[in-house]
Amino acid sequence: VAALADAAGVRVIADEIHAPLVLAGASFTPYLSVEGAGRGFSLASASKAWNLPGLKAALAFAGPAAAADLARLPEEVGHGPSHLGVLAHTAALRDGGPWLDDVLSGLDRNRRLLTELLGTHLPAVTWQPPAATYLAWLDCSALPLPAAGGADASARGDASANVGVAAWFLDRAKVLLSSGPAFGAGGERCVRLNFAASASVLTEAVTRMGQAVAAGG
């Protein structure tokens with residue numbers, strides 16, 4: 001990507017806000033560390049990894065060939081973060097390593113637990129355990145459930161939309177998932193599940209989903 005962007009004179013702005021949430025068995029490569037990325041920018045924040053979205057703050061890093069462009073940004077761009085937000089993010093990045101380690105361990109346990117739960121309660125559902133973050137993309141194509149049709153095209157880009165498979169699970173299992181169509185073509189029979197929850201909540205959610213499927217329409 002860096003080579004193609006450099007050849008075409010295209011600026012890459014890499015959103016690396018989830019970078020600290022890399023799980024066991026994987027590693028993260030910062031965009032600006034790869035060859036040809038010197039014209040790019042990387043954006044980082046403690047908001048996702050340390051759960052600080054309400055205390056808004058972020059950092060923009062410029063590649064060697066983009067530093068002058070960063071300096072040209074309007075001064076008011078930096079007015080968004082509050083003083084409290086800056087302090088909270090600073091504390092998280094400086095002193096929050098042990099806390100984040102515990103979070104990553106918990107997410108890794110939940111990732112493995114979700115594999116077991118799906119195998120027990122929803123064996124027809126397929127997924128690829130993610131290498132990072134806490135979001136599971138579940139392919140429900142093999143389940144005898146209604147897919148999102150063309151009328152649900154308006155759901156694209158709206159992760160809170162309840163259409164198709166996600167709407168069915170909300171109605172029958174009382175489990176709230178993100179609708180697959182919100183993420184574009186190919187997601188009509190998929191849902192996204194957030195597994196950053198307690199083991200008991202995750203277990204109850206998947207158990208309910210399995211019971212609803214077993215009960216049928």
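Okay, one cut-off before we start: I'll call a residue buried when its relative accessible area is under 20%, exposed when it's over 50%, and partly exposed in between. With that in hand, take E204: its relative accessible area is 40%, so E204 is partly exposed. And keep in mind throughout that this is a predicted model.

Let's stay with E204 for a moment. Its side chain meets that of R208 in a salt bridge, at 2.7 Å from N to O. Where do the two sit? Both are in helix α6, and because they're 4 residues apart, about one helical turn separates them. R208 comes in at 32% relative accessibility, so R208 is partly exposed too.

Now for a pair in helix α4. D108 and R112 are also joined by a salt bridge, with an N to O distance of 3.5 Å. They're 4 residues apart in α4, again about one turn of the helix. Is D108 buried or exposed? At 14% relative accessibility it falls under the 20% cut-off, so D108 counts as buried. R112, on the other hand, has 45% relative accessibility, so it goes down as partly exposed.

How many salt bridges turn up in the whole structure? The search finds 7. One of the others is between R94 and D95, where the closest N and O atoms are 3.1 Å apart. Both R94 and D95 are exposed. Then there's a little network of salt bridges that links R11, D69 and R72. As a reminder, side chains of opposite charge can pair when their charged atoms come close.

Okay, on to the nonpolar side. The largest nonpolar core has 40 residues, and the ones touching the most other members are L114, L138, F169, L193 and M209. Which elements feed into this core? At least two residues each come from α3 (83–95), α4 (97–121), β4 (135–139), α5 (164–173), β6 (190–194) and α6 (199–215). The largest share is from α4, with 7 residues.

If you want to click on one residue, try L114. Leaving out anything up to four places away in sequence, L114 touches W127, A136, L193, F195, L202 and V206. There's another core lying apart from the big one: this one has 6 residues, including A5, V12, A14 and A37.

Next, a sheet. We've got an open one with 3 strands, in the order β1-β2-β3, and the pairing is mixed. Which strands stand at the edges? Those are β1 (13–15) and β3 (59–62); each has a single partner strand, so one side of each has no neighbour in the sheet. On average, neighbouring strands here are turned by 20° against each other, if you ignore direction.

Zooming in on one pairing, β1 runs parallel to β2, which covers residues 41–44, and the two share 3 bridges. For D15, the bridge partner in β2 is L43. For anyone who's rusty, strands of a sheet pair through backbone hydrogen bonds, either parallel or antiparallel.

One last stop, out in a loop. G186 sits between β5 (178–179) and β6. Its relative accessible area is 53%, so G186 is exposed. Measure-tool fans, here's a pair to try: G186 and A212 are 26 residues apart in sequence, and their C-alpha atoms are 24 Å apart in space.

That's my tour, over to you.

Key. Residues are numbered from 1 along each chain as its sequence is written. This is a predicted model: local features need pLDDT of at least 70, side-chain atom pairs count only at pLDDT 80 or more; totals for chains, interfaces and linings use all residues. Side-chain values use heavy atoms; hydrogens and water are left out. Two strands pair if DSSP finds at least two bridges between them. Axes are lines fitted to C-alpha atoms, for helices over the stretch in contact, and angles run from 0 to 180 degrees between N-to-C directions. A nonpolar core is a set of buried Ala, Val, Leu, Ile, Met, Phe, Trp, Tyr and Cys residues joined through side-chain atoms within 4.5 Å. Buried means under 20% relative accessible area, exposed over 50%, partly exposed in between (1.4 Å probe, protein chains only). Contact means heavy atoms within 4.5 Å. A salt bridge is a side-chain nitrogen of Lys or Arg within 4 Å of a carboxyl oxygen of Asp or Glu.
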